[in-house]
Amino acid sequence: MPLSPSQAENASATRARSIRNVTLVGVAINSILAIGQIVVGLFANAFSLVADAMHTLSDLVADFMVLAAGKHGANPADLDHPYGHGRIETVATLALGISLVVVGIGFLWASGIRLQDMESQPPLHPAALVMALVALVGKEILFRYTLAGGRRLKAPMLEANAWHARSDAASTLVVAIGIGGSLAGFPFLEPLAAAVVGFIILRMGVIQTWSAVRELIDTGLPNEELVRLRQTINATPGVTGLHDLRTRRMANRVLCDAHVQVDSRITVSEGHYISESVLLAVRQAHPDIGEVLVHVDAEDDDAEQLFIRRAERLPSRAAVLADLAALIGEQQALKRLQLHYLEGKVEVEAYLSADAPLPGAERVDAWLAEHSCYRGISFYSDSSQ
């Protein structure tokens, strides 16, 4: 069942708290590991371990970015942000993706420099290797924990932050290999592994950044999802056609708007009922879609220019009443008027009072010949009081 507005707001608040809790765990683990790496690195003369600690501290900055984005992104819609604040999460994802790109390039650059000057590596204490392995295990656990939380909460920025933690784990792996290789007499392993990991991190950063950019430029859903969405809308009772289906993402939500075609003779209230039925059907079959804007059409108005020309030349209700004056005489004779704007013309159904005379066929034909914007007119005697 779709959520009511109050339930949706509560769910959004709960999601924000969950994002915050997952991120706080990351802050705690990264803080402990960074302090440990700095202390052991200085003691063991392992400057690469100290440098890796600096990388870990950069993860803390990313964690605080996620906390801020999660808090403000869950704020309800307001006058300045009628669609909510979900794009804050997208911007945070973009920033984290760019940071991955920078880190990856940094690894590639540093590995090239180290390959040119491997003899300058200082002697290391075995405690550095132990600390590197402890940090590696801790960061890998943090990566899997954060990634699972991001997928469960459908929070792209958490997933981006998880991969940022993986990049930190990869850098720790590079440090562990480098320290182990140095202790074993193979110092070239550190810069070689750094180059491989740097490429992996760079690729992941590009993927995350491109995903955020696609959302910011309102890229629609994939074609297979659009096919399913079209099937859901077309299967809704009362819908006779569908066109102008558009979608876009906003953090964990999808926004959708569609033009649905209905029987041209139904009432406004029935058309509104059909539009509500479409909304409920879509939200029930596609939980990711948070908002659905349904535009009801009496015919296929997909040709924009035809619609503009039609709106410019077709008479309004007031103009129709003025045109009908010559046919019905006194205005009080008209009890009810229904207008059908179809195929570029107006079809009129006029209900006259029971004692009012109905115009003859010849008179009606002559009137239609003088008013080319009308496709037909029907008169009915209304006996209701």
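This report covers the overall make-up, one helix, a surface patch and the salt bridges of a predicted model.

**Overall make-up**

The protein has 385 residues, and 43% of them are buried. Its secondary structure consists of 11 helices and six strands. Take the contacts between residues at least 6 apart in sequence: 70% of them join residues at least 24 apart. The exposed surface comes to about 20500 Å². Carbon and sulfur atoms supply 61% of that area.

**Helix H7**

H7 runs over residues 223-234, 12 residues in total. From first C-alpha to last it reaches 16 Å, close to the 16 Å expected at 1.5 Å a residue. Leu-229, Thr-232 and Ile-233 are buried in this helix. These residues sit on the same side of H7, because they cover an arc of only 95° around the axis. The other side of H7 carries exposed residues: Asn-223, Glu-224 and Gln-231. Cover for the buried residues of H7 includes strands S1 (241-250), S2 (253-261) and S3 (289-297), along with helix H8 (268-285).

**A nonpolar patch**

Val-91, Leu-216 and Ile-217 form a nonpolar patch on the surface. Together they have about 260 Å² of accessible area. Ile-217 belongs to the loop between helix H6 (189-216) and H7. Its relative accessible area is 55%, so Ile-217 counts as exposed.

**Salt bridges**

Side chains of opposite charge can pair when their charged atoms come close. The protein has five salt bridges. Three of them are listed here, among them the pair Arg-246 and Asp-257.

| Pair | Closest N to O |
|---|---|
| Arg-246 and Asp-257 | 3.0 Å |
| Arg-265 and Glu-349 | 3.5 Å |
| Arg-375 and Glu-347 | 3.6 Å |

Arg-246 lies in strand S1 and Asp-257 in strand S2, 11 residues apart. Is each partner buried or exposed? Arg-246 is exposed, at 55% relative accessibility. Asp-257 is buried, at 18%.

Glu-349 lies in strand S5 (residues 345-353) and Arg-265 in the loop between S2 and H8, so their salt bridge ties together parts 84 residues apart in sequence. Glu-349 is buried at 13% relative accessibility, whereas Arg-265 is partly exposed at 39%.

The pair Arg-375 and Glu-347 links strand S6 (residues 374-382) to strand S5, with the two positions 28 residues apart in sequence numbering. Arg-375 is partly exposed, at 40% relative accessibility. Glu-347 is buried, at 16%. Salt bridges with shared partners join Arg-265, Glu-347, Glu-349 and Arg-375 into one network.

Key
Residues are numbered from 1 along each chain as its sequence is written. This is a predicted model: local features need pLDDT of at least 70, side-chain atom pairs count only at pLDDT 80 or more; totals for chains, interfaces and linings use all residues. Side-chain values use heavy atoms; hydrogens and water are left out. Helices (H or I, at least four residues) and strands (E, at least two) are DSSP runs, numbered from the N terminus. Buried means under 20% relative accessible area, exposed over 50%, partly exposed in between (1.4 Å probe, protein chains only). Contact means heavy atoms within 4.5 Å. Accessible areas come from the Shrake-Rupley method with a 1.4 Å probe; for residues, only the protein chains shown count as cover. The expected span of a helix is 1.5 Å times one less than its number of residues. The arc is that of the directions from the helix axis to the C-beta atoms. Patches are made of residues with over 30% relative accessible area and no salt bridge: like charges are joined within 9 Å, nonpolar side chains (Val, Leu, Ile, Met, Phe, Trp, Tyr) within 5 Å. A salt bridge is a side-chain nitrogen of Lys or Arg within 4 Å of a carboxyl oxygen of Asp or Glu.
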